[in-house]
2 protein chains.
Amino acid sequence: MNSIEPTPRATGAPRLQEGAPASGRNVLIVTAHPEPRSLNASLAGFAAAELRAAGHEVRVSDLYAMKWKAGVDADDFSGHDPAERLDVVAASGRATREGRLAADIAAEQEKLLWADAVILQFPLWWFSVPAVLKGWIDRVFTHGFGYGDKDMPRYGDGTLAGRRAMLSVTVGAREDAFSDRGIHGALNDVLFPLQHGLLYYTGMEVLQPFAVWHAIGLGDEEYRAARQAYRERLRTLFTAPPIPFRPLRGGDYTRSLRLRPGREEPGTGGFALHLRPAR
Amino acid sequence: MNSIEPTPRATGAPRLQEGAPASGRNVLIVTAHPEPRSLNASLAGFAAAELRAAGHEVRVSDLYAMKWKAGVDADDFSGHDPAERLDVVAASGRATREGRLAADIAAEQEKLLWADAVILQFPLWWFSVPAVLKGWIDRVFTHGFGYGDKDMPRYGDGTLAGRRAMLSVTVGAREDAFSDRGIHGALNDVLFPLQHGLLYYTGMEVLQPFAVWHAIGLGDEEYRAARQAYRERLRTLFTAPPIPFRPLRGGDYTRSLRLRPGREEPGTGGFALHLRPAR
């Protein structure tokens, strides 16, 4: 489960080679916080510096600094006739196929294809990404790039196959409240729509999330400890075992996309159904 | 579980009276789609007309039409010193307490306090709300309004206690893929961060979501069927039993916000832990 199989794709994007050294890779960091002196900005800067020191190339999409537009609308699809009813899926697919996506969207797609690993750095706001980062997801993962018709590969394969992804989140609450029996839900369940529904869906291998807990008014010592823990996660970005989501290919699911009976350990429920059981 | 207990609150907001007739109530519909001729816009307009015909007052926040700003930033908190580091939680709390929130935020808070029921109408994009609606959530549910310090009531109580909420979503996929064993996760699990983490968290009783499946290129007959199903859900907006989430008050959770052992039926896992077991 730890090894990464190169998947031949039409995009010509760089592929990870099994056994290749863990340096000289390309990493995209996407970050979304309005304050350049925030904990999130610090962690993004720290990650960029650590990864560069390890010999990787790093690009950063700082969405607030870029004044990233959050809302999908007709301006995303240049050439869209304003008098025509906007069917988002159809317009997105046409503009993707015909190279008519807005320049800011095309630039982010290019960065994703360039990257061998993607890190999303954000504060957990209302149990998800900040709106600006949701707008990056909504606008960049177009029809034909992030999703497509029924025959488009997904869940373990897709446009971004061969890449790795990790969420790095700051959380105001304490870890107990996001533990297996925590009232907010287990962190991996709260992040499932992102980790499974976006990152794994588009083909990426997804690492366990990195979380800084109780992140409001972090003291110097706690910040040093968080950085140390993050350093270790960055060091193993290309070697740590990913979350063992079940691929769509491989027979676990029916044609109507339901998990076949008997594939899980007895008593498994919720999103855990979509993890491969430990042997 | 079906009755709604009035909760005395400092806000002076209208409270639902047990046994009161299901008319003459206030309903806020928040909708987020860039196309005024979209299915989502149709459903929002249909709901407004149906509810008004039933004797309710309806207000609609059409976020794209309002050009709703999605990103939390210093402009949300008037009087914030631009030279000062923006601590979002602290600035949000101060501006809420001191009546210095941006006018668009204050107007939405006033609508929520006015409402007896809130409907969020949106297309499910990447397993969550569109960015513009996430920006409504991030910006309107401020510190001191939507959340607060440790002693702020939450999960079954809070600023919006006594109100009802329902998500009305359009989904491109078919229902099987969002069923109990569906690859995307069960719809109620995918919506848990919104239904439990936002709506129930702030005190509202949350109804089962209304979903239109396979919503891309819906035919006339399917649209008529969807409207008929939605009509029934609107008719029972004030009487249908809500999702039986566990309140924070009542002893099910420890001080560190973990569900106490033995509270659930054996074999329950994932978000289902936070539902009261059927008797």
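## Exercises on a predicted two-chain model

In chain B, 10 of the 10 residues of helix H4 (residues 131-140) are buried, so this helix is largely enclosed by the rest of the structure; buried means under 20% relative accessible area, exposed over 50% and partly exposed in between, with a 1.4 Å probe and protein chains only. The model is predicted, so local features need pLDDT of at least 70 and side-chain atom pairs count only at pLDDT 80 or more, while totals for chains, interfaces and linings use all residues. Residues are numbered from 1 along each chain as its sequence is written, chains are lettered from A and ligands numbered from 1 in the order in which they are written, and side-chain values use heavy atoms, with hydrogens and water left out.

**Exercise 1. Determine what the buried residues of H4(B) pack against.**

Step 1. Helices (H or I, at least four residues) and strands (E, at least two) are DSSP runs, numbered from the N terminus, and the buried residues of H4(B) include B:Leu133, B:Trp136 and B:Ile137.

Step 2. Within chain B, these buried residues pack against strand S1 (26-31), helix H3 (103-114), strand S3 (117-123) and helix H6 (192-200), and they also pack against H4 of chain A, where contact means heavy atoms within 4.5 Å.

**Exercise 2. Describe how chain B and chain A are related and what they bury between them.**

Step 1. A rotation of 180° with 0.0 Å of shift along its axis superposes chain B on chain A with an RMSD of 0.0 Å, the fit being by least squares on the C-alpha atoms of residues with pLDDT of at least 70 in both. The two copies are therefore related as by a two-fold rotation axis, and the same surface serves both, since 100% of the contact residues of chain B recur in chain A.

Step 2. The contact takes 70 residues from chain B and 70 residues from chain A, and the two chains bury about 5300 Å² between them, 60% of it on carbon and sulfur atoms; buried area is the accessible area (1.4 Å probe) that two parts lose on being put together, summed over both.

Step 3. On the side of chain B, the residues that lose the most area to chain A are B:Trp126, B:Arg181 and B:Ile183, together 19% of what that side buries.

**Exercise 3. Check the span of helix H1 (residues 39-53) of chain B, and list what surrounds its buried residues.**

Step 1. The expected span of a helix is 1.5 Å times one less than its number of residues, so the 15 residues of H1(B) should span 21 Å, and the end C-alpha atoms, 21 Å apart, agree with this.

Step 2. The buried residues, among them B:Leu39, B:Leu43, B:Phe46 and B:Leu51, pack against S1, strand S2 (57-62), S3, strand S4 (164-170), strand S6 (210-212) and helix H7 (220-235) of chain B.

Step 3. Just after H1(B), B:Gly55 takes a positive phi of about 95°.

**Exercise 4. Place B:Arg100 in its surroundings.**

Step 1. B:Arg100 lies in the loop between helix H2 (88-97) and H3 of chain B, and at 23% relative accessibility this residue counts as partly exposed.

Step 2. Leaving aside residues up to four places away in sequence, B:Arg100 touches several residues, including B:Asp76, B:Phe77 and B:Arg94. Another of these is B:Gly79, whose C-alpha atom is separated by 7.2 Å from that of B:Arg100, although the two are 21 residues apart along the chain.
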